[in-house]
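Here is a structure to work through by question and answer. Each answer closes on the value or name asked for.

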Amino acid sequence: MKQLACEILDLLGEGLGLKDPRYFSKLTTNADSDCLLRINHYPSSCNVHKLDHDDQCNFKSLVSTKASNGGNLMAGGRIGFGEHSDPQILSLLRANDVDGLQVFLPDHDGKEMWVQVPSDPSAIFVNVGDLLQALTNGRLISIRHRVIATACRPRLSTIYFASPPMHARISALPETITASNPRRYRSFTWAEYKTTMYSLRLSHSRLELFNIDDDDSNNASEGKA
């Protein structure tokens, strides 16, 4: 998982035209990096009613359809892991064949809604983290997501979080700062961001606390010039 994360990060660095395409992966392979692997288990959401197999399948289908359309959860569906964005640089997720993962995306009219991600045990899902959004000055976006326990079978997922050392300073790279896209976030360390993260609710848009206003952004651009 670490090797795959590095390969993805190197490709992103190359695509962004970074002077050092391996800048992101070097942060995560540092001897002091804060990377971790987590296993999440979501028990079955079926109530303890004696449903037969057909009833359970129908129940799963109805709840999945309702959730994928951004509607309210039906009885029996529950939050497995609340709405959030991943704070690290990159996360790689692999799960069994049970649905539940949803991402918050705009529809054709620009209205945001929850979209069900079809389960695929052979796939690895890649999420951009808050730190990568800050490092790329908003070029890459940390998408909000959640897990809804709606199936009558348990969901099991494994997530690898690629993170820098605690002392690493996170700041938008020069290649991502332009006159039309000035610096958006002030510089901070991963330790500072992590401390802030633990002081807030899970659903809080943490990165917004590190926004810089227009005056600060203009001063930073003038200093760079």
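Exposed means over 50% relative accessible area, and buried means under 20%. The model is predicted.

Q: Is Ala-31 buried or exposed?
A: Ala-31 sits in the loop between α2 (23-29) and β1. Its relative accessibility is 79%. The cut-off for the upper class is over 50%. Ala-31 therefore counts as exposed.

Q: Which residue is 134 positions from Ala-31 in sequence and 8.0 Å from Ala-31 in space?
A: The distance runs from C-alpha to C-alpha. Ala-31 belongs to the loop between α2 and β1. The residue 134 positions from Ala-31 is Pro-165.

Q: What percentage of the contacts with a separation of 6 or more comes from residues 24 or more positions apart?
A: The protein has six helices and 10 strands. Its contacts with a separation of 6 or more include those between residues 24 or more positions apart. These account for 76%.

Q: Which strands are the edges of the open sheet β1-β8-β3-β6?
A: This sheet has four strands with antiparallel pairing. Neighbouring strands are turned by 20° against each other on average, direction ignored. An edge strand here pairs on one side only. The edges are β1 (36-42) and β6 (125-128).

Q: Which residue in β8 stands opposite Arg-38?
A: β1 pairs with strand β8 (residues 155-162). The pairing is antiparallel, over seven bridges. Opposite Arg-38 stands Ile-159.

Q: At about what angle does helix α1 run to β3?
A: Helix α1 spans residues 2-15. It lies across β3 (90-95), β6 and β8. Those three strands belong to the sheet ordered β1-β8-β3-β6. The angle of α1 to β3 is about 130°.

Q: Why do β2 and β5 each have one side without a neighbour in the sheet?
A: The second open sheet has the order β2-β7-β4-β5, with antiparallel pairing. β2 (78-84) and β5 stand at its edges, so one side of each is left without a neighbour there. The reason is that each has a single partner strand.

Q: How much does this sheet, β2-β7-β4-β5, twist on average from one strand to the next?
A: The sheet is open and has four strands. Its pairing is antiparallel. The twist from one strand to the next averages 25°.

Q: Which residue in β5 stands opposite Pro-106?
A: Strand β4 (residues 101-106) runs antiparallel to β5. Five bridges join the two. Opposite Pro-106 stands Glu-112.

Q: Which residue makes a side-chain polar contact of 3.1 Å with Gln-116?
A: Gln-116 lies in strand β5 (residues 112-116). Its relative accessible area is 14%, so Gln-116 is buried. The contact joins its side chain to that of Gln-102.

Q: What arc do the buried residues of α5 cover around the axis?
A: In helix α5 (residues 190-198), the buried residues are Trp-190, Tyr-193, Lys-194, Thr-196 and Met-197. Their arc is narrow enough to put them on the same side of α5. On the other side, Thr-195 and Tyr-198 are exposed. The buried residues cover an arc of only 160°.

Q: Which elements do the buried residues of α5 pack against?
A: Trp-190 and Met-197 are among these buried residues. They lie on the same side of α5, because their arc is only 160°. The buried residues pack against α4 (130-135), β9 (169-170) and β10 (188-189).

How values were computed:
Residues numbered from 1 in each chain as written. Predicted model: local features only at pLDDT ≥ 70, side-chain atom pairs only at ≥ 80, totals over all residues. Heavy atoms only, no water. Pairing = 2+ DSSP bridges. Axes fitted to C-alpha atoms, helices over the stretch in contact; angles between N-to-C directions. Contact = heavy atoms within 4.5 Å. Buried < 20%, exposed > 50% of the residue type's maximum accessible area, 1.4 Å probe, protein only. Arc of directions from axis to C-beta. Polar contact = N/O pair within 3.5 Å; in protein donor to acceptor, adjacent residues only side chain to side chain.
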